Amino acid sequence: MSAADVLTAARARGMMIATAESCTGGLIAGALTEVPGSSEAFDRGFVTYSNAAKIEMLGIRPETLHAHGAVSEQIAAEMAQGALTRSAADIAVSVTGIAGPGGSDHKPEGRVCFGLATADGVRTETVEFGAIGRPNVRAATVRHALNLLLTVLR
């Protein structure tokens, strides 16, 4: 599984991709756009690191943030849906998490929430990568997000 595989699958289905990223800071979009010809299947990426950016750029509801926090499946869902509706994409993936160092008992380092939105709806999941270090959490998040996209696109 690679970014090239994701783009090949998207092109084969005539679909465009958007990303909404917090903890990865644009690494998923970067992986996709590193592939030559990616503009045929990649529309845009939103890097929404702050809560204000999530609200302004993706339309995240402040009440969702207050109720669940930025690292939650509810926010991942709203991020993915926001990216889908604010782009020309047919599929959007979102990530929000605690890359580390740090975290808390309630939201430990290595927890990442993923959202995937299409015209059929939004699905979410949470992955506990563990306290494997910031670069490793971010890299694992990129791999997992690409795999989620590929699973839906195939």
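I'll start with a side-chain pair: the side chain of E78 makes a polar contact with the side chain of T64, at 2.6 Å. Before going on, please keep in mind that this is a predicted model.

E78 is found in helix 5. Is E78 buried or exposed? Its relative accessible area is 16%, and buried means under 20%, so E78 counts as buried. Leaving aside neighbours within four places in sequence, E78 is in contact with L58, G59, I60, R61 and T64.

Now helix 5 as a whole. Its buried residues are I75, A76, A77, E78, M79, A80, G82, A83 and L84. The helix has 13 residues, and at 1.5 Å a residue these should span 18 Å; the end C-alpha atoms are 18 Å apart, which agrees.

Just ahead of that helix is G69. It is found in the loop between helix 4, residues 62-68, and helix 5, residues 73-85. With a relative accessibility of 19%, G69 counts as buried, because the cut-off is under 20%. Which residues does G69 touch, not counting those up to four places away in sequence? They are T64, I75 and K107. T64, then, appears twice: it is touched by G69, and its side chain is the polar partner of E78.

One distance to go with G69: its C-alpha atom is separated by 16 Å from that of G100, 31 residues apart along the chain. G100 has a point of its own, since the peptide bond from G100 to P101 is cis, with omega near 0°. P101 is found in the loop between strand 3 and strand 4.

Next, the strands. Strand 1 covers residues 17-21, and 5 of its 5 residues are buried, so this strand is largely enclosed by the rest of the structure. Both faces are covered: I17, T19 and E21 are buried on one side, and A18 and A20 are buried on the other.

What does strand 1 pair with? Strand 2, residues 42-47, runs parallel to strand 1, and 5 bridges join the two. Within that pairing, A18 stands opposite R44. Between these two strands the chain passes through helix 2, residues 27-33, and this β-α-β crossover is right-handed. Strand 3, residues 91-97, also runs parallel to strand 1 and is joined to it by 5 bridges. Here the bridge partner of T19 is V93.

That leaves the nonpolar cores. How many residues does the largest one have? It has 32, and those with the most contacts inside it are V6, I17, I28, L32, F114, L149 and L153. At least two residues of this core come from each of helix 1 (3-13), helix 2, strand 3, strand 4 (111-118) and helix 6 (134-153). Helix 6 gives the most, with 9 residues.

Take F114 from that list. Leaving aside neighbours within four places in sequence, F114 is in contact with A76, S94, V95, R123, T124, E125, V127, F129, T141, H144, A145 and L148. A76 in that set is one of the buried residues of helix 5.

A second, separate core has 15 residues and includes A18, F46, L65 and M79. Two of these names have come up already: A18 is buried on one side of strand 1, and M79 is among the buried residues of helix 5. On the other side of strand 1, I17 is buried, and I17 is listed with the residues that have the most contacts inside the largest core.

Key
Residues are numbered from 1 along each chain as its sequence is written. This is a predicted model: local features need pLDDT of at least 70, side-chain atom pairs count only at pLDDT 80 or more; totals for chains, interfaces and linings use all residues. Side-chain values use heavy atoms; hydrogens and water are left out. Helices (H or I, at least four residues) and strands (E, at least two) are DSSP runs, numbered from the N terminus. Buried means under 20% relative accessible area, exposed over 50%, partly exposed in between (1.4 Å probe, protein chains only). Contact means heavy atoms within 4.5 Å. Two strands pair if DSSP finds at least two bridges between them. A crossover is right-handed if, with the strands pointing away from the viewer, the path from the first strand over the helix to the second runs clockwise. A polar contact is a pair of N or O atoms within 3.5 Å; within protein, one must be able to donate a hydrogen and the other to accept it, and residues adjacent in sequence count only if both atoms are side-chain atoms. The expected span of a helix is 1.5 Å times one less than its number of residues. A nonpolar core is a set of buried Ala, Val, Leu, Ile, Met, Phe, Trp, Tyr and Cys residues joined through side-chain atoms within 4.5 Å.
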